[in-house]
Structure formats: C-alpha cells, structure tokens
Amino acid sequence: MAQQAQEEVATAAADAATGSEDGAKHRAKGSVAETARTLVQTLWFPAFFFVGFLVCYLLPFHNPTPHHVEVAVPAQSAPQLQHALDQTMPGAFDIIKVDSADAAKSAVTDRSATAGFVPGPGDSHLYTAKADGYSLESVLQKTFTGVAQQSGGNLQTHEVAPTAAGDGMGTGLFYLVLACTIPSYVMVMMLLRATTFGRRKKIITLAAAGAVLAPIAFGVGRMMNVIPNDPLAILFLFLMTQAVAQFSFGLVPFAKQFFPGVAMGLFVLLSMPSSGGAIPVQMVPGFFRALHPYMPMGNLIEALRGLFYFHGKGVTSHILVICCWIAAAVVLNLLAIWKERRAAAKEAAQGEAAPQPEPPVEDPVIEMQRPAAVPPHAHALGLPQSQLAGRITDRHGQPLSGVVVTVTGTHGRELVRATTDTDGEYAAGGLPEQFVNVIASAPQLLAAVARVPIRDGHLAREDFRLEPREQPANNQPVPAGG
C-alpha cells in the first residue's frame, strides 16, 4: 500500500510538472504573439511609408526618360523623322503631322503638342514650352540638336511659353500647389481632436481655412515672382484645398484607424509623383502617367499652367476634375451623416444609451498616444496597446459588469475612464509611465482604490473584489458620501 501511495504521488508530481511545462509553453507562445502584434501595430505606418517612398518616389524619379512626348512636325518630314527617332529612342517621341512651320509652333501654344520641330536644309527650328517643365525642355533640346546636326545644320530653339522670372527651373507651381495640399490634409488631422466640434462646424472650418490659405499662397507666389499676376488662380487654389481637405474628412468614418495611411497614400505617395510638377509627367513610368488625368494635384498644376502661360487652354477640363473630387467629398460626408443617424436610431430602438463619440483618429506622424479605454482581449490595429487591465468581481467571485474604472494621475487629474464588460474586465492604454490611481466604483458597492506603477512594455494588472454597502436598518438609502 505504501509503495502504491508513493507511485500515485510520483504520478501526480509528474502530471503537475507536465502541466507546468504546458503552461509555460502556452505563455511563451502568447508572449511571442503579443510581441508580434505590438510590432505590427507600432510599425505598420513607417513600413507603409518606407515602401511607398521607394515605389512612388525612387522608382519614378531615379532615371526620368521621355515617354510618348508629342512633337508637331510638318507633314512632309514626319514619316522620316518618326522612323529616325524610333531607331534611336523607341517610344520616346510621337510625331504629330501639321500643315506648316507656323502650325508646328501653334500646336505648342494651344497645348495640342509638347514641342514643335521644323527641319530645314540649313538651320532647323525647335519650339518648346518651359512652362511644361525644364527637364523635358532639356531633353528635347538635346535630342533634336542631334537630329539637326545629322542633317548638316544647326538647331535654333524658340521658347514660346517661358515661365515667370522667379521660376528658373519651372517647378515653382509644384511647390505652390504642395503648400496648399499638405496643410489641407494636416488640418483634418488636427480637427479630429476638436471633439466639441460637430461635423458641420468642421466642414465650415475647413472651408474657411482654405479661403485663407489660397490668397496667402497666391500672394507669396507673386511676391517671389514665381507666378504671373492672375487672381483667378486664387479660386483654383481654394478648390484644391477643399478637394483634399473635404475628401480626407469624408474618408474618416470609413477608413477609421487606417485613415492616415489611406489619405497620405492618396495625396502624398500617389498624387505628387503623378502631378508632373517636379518631373514632367511624360518622363515618369506608365502607372503614374495613367494617374495624372485623375489626381487633383496634377490637374491643378495643369490648370494653372494653362491659365498663366497658354492663354487659358485646357483649364476648364482640369478644374472640372478637381470639382469632381469635391463632389465625391460631399457624397462621403452625406454617407457619414447617414451612417451616424442610422447608428443612433438603432441604439434608440434597442433602448440603450446614446453612443459615445468615436475617439479622434490619431496620425502616427504627428500625434502621441493618449490615454484611452480599450476593449479587453481585443487587438485591433490602430488601438493603443493595453498597459493596465483587470477583473472586478463581487464578494462571491462573480464578475461585475458596468463598473466604472477611473484612472487618475499623481496629481489627481483624470486620465481615462473605462467600464467593465460582461466578464467584469477592463483595460486601458496610452498611459504615462508613472504611478496611477485606479478607482473602481458602482452603485450600492463600496469603492476600491489601488496605486499601480505603469511601465512601458509591461501589462499592469489590478483586480478588485467589491463589497456591498451596508444598508441602514430602516432600509433608508445611504446618503451620498455616507
């Protein structure tokens, strides 16, 4: 019997050891998964931008070469010239036949061609527009200088659309438009923090801010002599601010925590390389050339070029594209309003309290994490990582739902307030690294308080067991503070 008892004890000890090992393995796996989850939540945005800048900036700008640049040439010389260009630079130039030398020049000024070339027995003539981009003009001059020399003559270059005196490289419009694009996106990010503003007030604020930015940008451009003096450009710049700001704001309820990546992907990673402002659109890869007719930044640059340098040619179609972005923004905002009202009606129909407003969407580029209640055991991308968690039960160990957990700082300032779920659990993140006071309270229960140290990378756990308030013998309610 004694031997049998010893064997049972040994077996139990072995089982306990095995269970301990299994538990350790389970905790180790959980720790690895938690670490991986934290890395994904923390690094997705810089990783997104790292890949985005490589693909959207290094790729199109590292070696710009001409693609299907349209050149107007008198009809009698066009076939021979197209054949010669295809032999030396396949796909670089597309020859457009015109009737005469004057027609070749007019094709540039009316924007039906990028350049005009008139070969001759002596000197050949090249008509270019610096307003379309200095780097493109340089490529044209180099290419057709060689063509003229092969014919035994020289090349005479004629500038038919020079840029303003202060825009020597022809990139001034790009930076002017950029100054109205990036702030328009940032304004949306900052307004998301204004939780006391409703949607209507935010839309009006974005419109008012655009009305301020546009004339300032125009005035600075004029002061630096980067652009000619045509005040109609103020309207165009204002429309651009609204296309970016209002569309970005309309995206927020749908993109949620992914909004920074979606908006900056649209208006920074895709819009800038396809704009044709820094590098002419004829010199970037096909993907960005295909985007050019649809993105707002490229359309504004083309509209301003037409307004300033080409006697208004092509302006209307480009402004209509920008107006389409504004119309899409109106649709998004109307859908967002409908979505909010539908959610409120659903809550009211279920007899529940009105939903709390969603917390501001934080831009990882310019925002620091702020204290926030997070769902226990939920690991949604973009939510703060849990730093404090716990479970609240009654005296019998049963979970208590709806208990209010208030976290205060060292000076008593409230940092965050959470509510326990049906399992009696709560969690909070974005807390400062310091001691915090955790207060658990509920009607008819005695409040409990604990002082907890918060350390980065560690989950502080604080459980509470709440005792009921003692009722007076006469069953009268306990007065507040009693």
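The exercises below, each with a worked solution, concern a predicted model of one protein chain.

**Exercise 1. The chain as a whole**

Task: Describe the chain by its secondary structure, its buried share, its contacts and its accessible surface.

Solution:
- Step 1. Start with the secondary structure: the chain has 11 helices and 14 strands.
- Step 2. Turn to burial. Of the 482 residues in the chain, 41% are buried.
- Step 3. Look at contacts with a separation of 6 or more. Residues 24 or more positions apart account for 67% of these contacts in the chain.
- Step 4. Finish with the surface. The accessible surface comes to about 25400 Å², and carbon and sulfur atoms hold 60% of this area.

**Exercise 2. Helix α7**

Task: Find what span helix α7 reaches, how many of its residues are buried, and what follows the helix.

Solution:
- Step 1. Helix α7 covers residues 232–255, which is 24 residues.
- Step 2. From the first C-alpha to the last, α7 reaches 34 Å. At 1.5 Å a residue the expected value is 34 Å, and the helix is close to this.
- Step 3. In α7, 19 of the 24 residues are buried, so the helix is largely enclosed by the rest of the structure.
- Step 4. After α7 comes Lys 256, which has a positive phi near 50 degrees.

**Exercise 3. Positive phi in loops**

Task: For His 68 and Asn 225, state the phi value, the loop and the exposure.

Solution:
- Step 1. Recall the background: most residues other than glycine have a negative phi.
- Step 2. His 68 is not a glycine, yet its phi is positive, about 50 degrees. This residue lies in the loop between α1 (2–61) and β1 (69–74).
- Step 3. The relative accessible area of His 68 is 44%, so His 68 is partly exposed.
- Step 4. Asn 225 is also a residue other than glycine, with a positive phi near 60 degrees. Its place is the loop between α6 (199–223) and α7.
- Step 5. With a relative accessible area of 34%, Asn 225 is partly exposed.

**Exercise 4. Buried, partly exposed or exposed?**

Task: Classify Thr 143, Asn 154 and Val 449 by relative accessibility, and list the residues that each one touches beyond four places in sequence.

Solution:
- Step 1. Note the cut-offs: buried is under 20% relative accessible area, exposed is over 50%, and partly exposed is in between.
- Step 2. Thr 143 sits in helix α4 (residues 134–150). Its relative accessibility is 15%, so Thr 143 counts as buried. Its contacts are Leu 85, Met 89 and Phe 93, leaving out residues up to four places away in sequence.
- Step 3. Asn 154 belongs to the loop between α4 and β5 (155–159). Its relative accessible area is 49%, so Asn 154 is partly exposed.
- Step 4. Beyond four places in sequence, Asn 154 is in contact with Gly 122, Asp 123, Ser 124 and Ala 148. For Asp 123, the C-alpha separation from Asn 154 is 4.8 Å, and the two are 31 residues apart along the chain.
- Step 5. Val 449 is part of strand β12 (residues 448–453). Its relative accessibility is 59%, so Val 449 counts as exposed.
- Step 6. Even as an exposed residue, Val 449 touches Val 438, Ile 439 and Phe 464, not counting residues up to four places away in sequence.

**Exercise 5. A loop after β12**

Task: Locate His 458, classify its exposure, and give its C-alpha distance to Ser 386.

Solution:
- Step 1. His 458 lies in the loop between β12 and β13 (460–461).
- Step 2. At 43% relative accessibility, His 458 counts as partly exposed.
- Step 3. His 458 and Ser 386 are 72 residues apart in sequence, while their C-alpha atoms are 8.9 Å apart in space.

**Exercise 6. The cavity**

Task: State how many cavities of 30 Å³ or more are counted, and describe the lining of the largest cavity.

Solution:
- Step 1. The count is one cavity of 30 Å³ or more. The volume of the largest cavity is about 40 Å³.
- Step 2. Residues that line the largest cavity include Ala 131, Thr 163, Asp 167, Phe 174, Arg 305 and Tyr 309.
- Step 3. Two elements give two or more residues to this lining: α5 (172–191) and α10 (296–309). The largest share, three residues, comes from α10.
- Step 4. Sorted by class, the lining has five nonpolar, three polar and two charged residues.

Note on methods:
Residues numbered from 1 in each chain as written. Predicted model: local features only at pLDDT ≥ 70, side-chain atom pairs only at ≥ 80, totals over all residues. Heavy atoms only, no water. 1 Å grid on protein atoms, 1.4 Å probe; cavity = no way out; pocket = protein on both sides within 12 Å on 5 of 7 lines; lining within 4 Å. Points joined across faces, edges and corners; volume = space filled by probe spheres on them. Helix = DSSP H or I, 4+ residues; strand = E, 2+ residues; numbered from the N terminus. Nonpolar A, V, L, I, M, F, W, Y, C, P; charged D, E, K, R; others polar. Buried < 20%, exposed > 50% of the residue type's maximum accessible area, 1.4 Å probe, protein only. Contact = heavy atoms within 4.5 Å. Areas by Shrake-Rupley, 256 points an atom, 1.4 Å probe, with all protein chains shown as cover. Expected span 1.5 Å × (residues − 1).
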